[in-house]
Amino acid sequence: MVGWVVMVLALAGSAYQLLAARQVRALLVQPRARRKTAAPAVTILKPLHGAEPGLDVALQSFLAQDYPGTVQVVFGVQDPADPAQLVVGSLRRAHPRRDVALVVDATPHGANRKISNVINMMRRAKHDIILLADSDIVVRPDYLREVVAALETPGVGVVTCPYRGQAVRGIWSRLAAMGLTYQFLPSVAVGVGLGLAQPCMGSTIALRREVLTRIGGFEAFADLLADDYAIGAAVRGTGLRSLVAPVLVAHNCTEHGLAELARHELRWARTIRGVDPAGFFGSGVTYAVPLALLGLFLTGASLVSLAVLAFALICRLWLMREVDRIAGVDGRGRWLTPLRDVLSFTIFLGSFFVRAVDWRGTQFRVDAQGALRRI
């Protein structure tokens with residue numbers, strides 16, 4: 001009996017794959033916001049921690065914007081010996097006309113070290129539009145134009161961007177990139193398209209200084225794990241909207257082993273579970289291939305279970321093909337799909353038993369409100 005229930009869930013997950021393919025297109029293939037003649041000045045905040053692989057390319061992409069207005073880029077590190085400073089120095093020499101600042105300040109403001117870094121960086125921010133983006137994000141030259149245009153939409157208080165994975169090295173980073181591209185991105189598209197989610201993601205958080213002040217500044221989020229989500233919720237609490245712009249960016253995946261991959265993904269899963277427990281629990285049905293494999297085992301490899309597994313694989317590969325086509329992703333590595341999906345399902349199940357998360361080598365407990373408590 002349990003096996004047949006699992007197979008029904010696998011069929012539901014297969015239907016989700018088809019729906020997700022349609023929603024990814026709806027999210028990414030839509031008219032862009034109308035650009036106004038004016039191009040307001042922007043400060044881009046890039047908190048750094050270490051010189052991870054691909055950092056130079058990621059940061060370079062923010063300095064190579066074709067935005068016609070004034071742009072300041074503020075990089076920040078907390079450790080005076082952080083090697084990311086060498087990357088920043090190289091970029092400053094390559095772009096002598098760019099307004100680039102580097103803040104080195106270890107002053108803590110809470111358990112969330114990234115937000116502490118950002119708070120320290122804000123004292124150098126010059127302009128009224130503030131754009132915060134993680135260090136491992138790679139963007140197109142028109143990225144800033146599109147994000148600022150979206151922020152100028154009436155009633156919008158904060159703009160974020162969907163992202164896909166981009167492997168930097170080896171099979172483990174490829175598996176990490178596949179998880180973001182074929183699991184996370186479709187889930188965002190479905191959530192936004194069906195009105196089930198209003199995400200605000202670390203890939204991009206763009207807002208006006210006045211709005212940031214109204215929500216208490218970055219200081220209000222210094223102890224939270226899901227600081228990006230909390231910022232979006234706080235902006236919506238002022239009566240303004242959060243908007244997911246149809247601007248796909250890439251997230252550099254640098255994992256070099258299973259343990260590192262599992263730590264990262266367990267932290268992400270625990271974060272999402274804390275933000276939306278009901279939605280996260282319901283997302284278990286989206287793992288069509290692992291559910292079909294489980295059904296195959298529980299029913300003794302019956303003909304029906306084999307047919308369900310074949311259908312689940314076809315739907316999964318269809319979604320991946322559509323994402324590759326719409327997002328312009330190189331589809332090599334699809335043979336890893338069963339392994340990637342089983343790993344994702346294992347991470348999903350494991351997240352229900354995780355009480356602590358690992359963040360850049362430091363262990364934290366997360367309470368019911370999403371606050372971090374260092375162990």
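F62 and Y143 are both buried. In this predicted model, the two residues make an edge-to-face aromatic pair, with ring centres 5.5 Å apart and 75° between the planes. F62 belongs to helix α2 and Y143 to helix α5, so the pair links distant parts of the chain, 81 residues apart. It is one of nine aromatic pairs in the structure.

A second aromatic pair is made by Y287 and F345. The ring centres of Y287 and F345 are 5.5 Å apart, and because their planes meet at 55°, the pair counts as tilted. Y287 sits in the loop between α10 (277-282) and α11 (288-298), while F345 sits in helix α13 (residues 337-350), so this pair ties together parts that are 58 residues apart in sequence. Y287 and F345 are both buried. They also belong to one aromatic cluster, made up of F280, F281, Y287, F345, F348 and F352.

Y143 leads on to the nonpolar interior. The largest nonpolar core has 83 residues, and Y143 is among those with the most contacts inside it, together with L131 and L144. Helix α6 (residues 170-193) contributes the most to this core, with eleven residues. For L144, leaving aside neighbours within four places in sequence, the contacts are V42, I44, Q65, Y67, V71 and L131. Another core lies apart from the largest one; it has 25 residues, including I205, V211, L212 and F218.

The strands come next. Three of them form an open sheet in the order β5-β10-β7, with mixed pairing. β5 and β7 (163-167) are the edge strands, each pairing on one side only. Between β5 and strand β10 (residues 249-253) the pairing is antiparallel and runs over two bridges. Within β10, H251 stands opposite I137. Helix α6 packs on this sheet, where it touches β7 and β10, and its direction makes about 165° with that of β7. Thus the helix that gives the most to the largest core, with eleven residues, is also one that packs on the sheet.

Further pairings involve strand β8. Strand β8 (residues 205-208) pairs with β4 in the antiparallel sense, over four bridges. In β8, L207 stands opposite I130. Strand β6 (residues 156-160) also pairs with β8 in the antiparallel sense, here over two bridges. L207 in β8 is the bridge partner of V158. L207 therefore faces a partner on each count: it stands opposite I130, and it is the bridge partner of V158. In general, strands of a sheet pair through backbone hydrogen bonds, either parallel or antiparallel.

Charged side chains make up the remaining part of the picture, and the structure holds 13 salt bridges. One of them joins R145 and D66, whose closest N and O atoms are 3.0 Å apart. R145 lies in helix α5 (residues 143-151) and D66 in the loop between α2 (55-63) and β2 (71-77), so the salt bridge ties together parts that are 79 residues apart in sequence. Both ends are partly exposed: R145 has a relative accessible area of 26%, and D66 has one of 38%.

K114 forms another salt bridge, with D134, at 3.3 Å between the closest N and O atoms. K114 is in helix α4 (residues 113-122), and D134 is in the loop between β4 (129-132) and β5 (137-138), so parts that are 20 residues apart in sequence are tied together. Are the two partners buried or partly exposed? K114 counts as buried because its relative accessibility of 18% is under the 20% cut-off. D134, with a relative accessible area of 21%, is partly exposed.

A third salt bridge stays within a single helix. R214 and E210 have their closest N and O atoms 3.3 Å apart. The two residues are four apart in helix α7 (residues 209-214), so about one helical turn separates them. R214 is partly exposed, with a relative accessible area of 44%, and E210 is partly exposed as well, at 46%. Elsewhere, salt bridges that share partners join K114, D134 and D227 into one network.

Key: Residues are numbered from 1 along each chain as its sequence is written. This is a predicted model: local features need pLDDT of at least 70, side-chain atom pairs count only at pLDDT 80 or more; totals for chains, interfaces and linings use all residues. Side-chain values use heavy atoms; hydrogens and water are left out. A salt bridge is a side-chain nitrogen of Lys or Arg within 4 Å of a carboxyl oxygen of Asp or Glu. Buried means under 20% relative accessible area, exposed over 50%, partly exposed in between (1.4 Å probe, protein chains only). A nonpolar core is a set of buried Ala, Val, Leu, Ile, Met, Phe, Trp, Tyr and Cys residues joined through side-chain atoms within 4.5 Å. Contact means heavy atoms within 4.5 Å. Two strands pair if DSSP finds at least two bridges between them. Axes are lines fitted to C-alpha atoms, for helices over the stretch in contact, and angles run from 0 to 180 degrees between N-to-C directions. Rings of Phe, Tyr and Trp (its six-membered ring) pair if their centres lie within 6.5 Å; planes under 30 degrees apart count as stacked, over 60 as edge-to-face and the rest as tilted.
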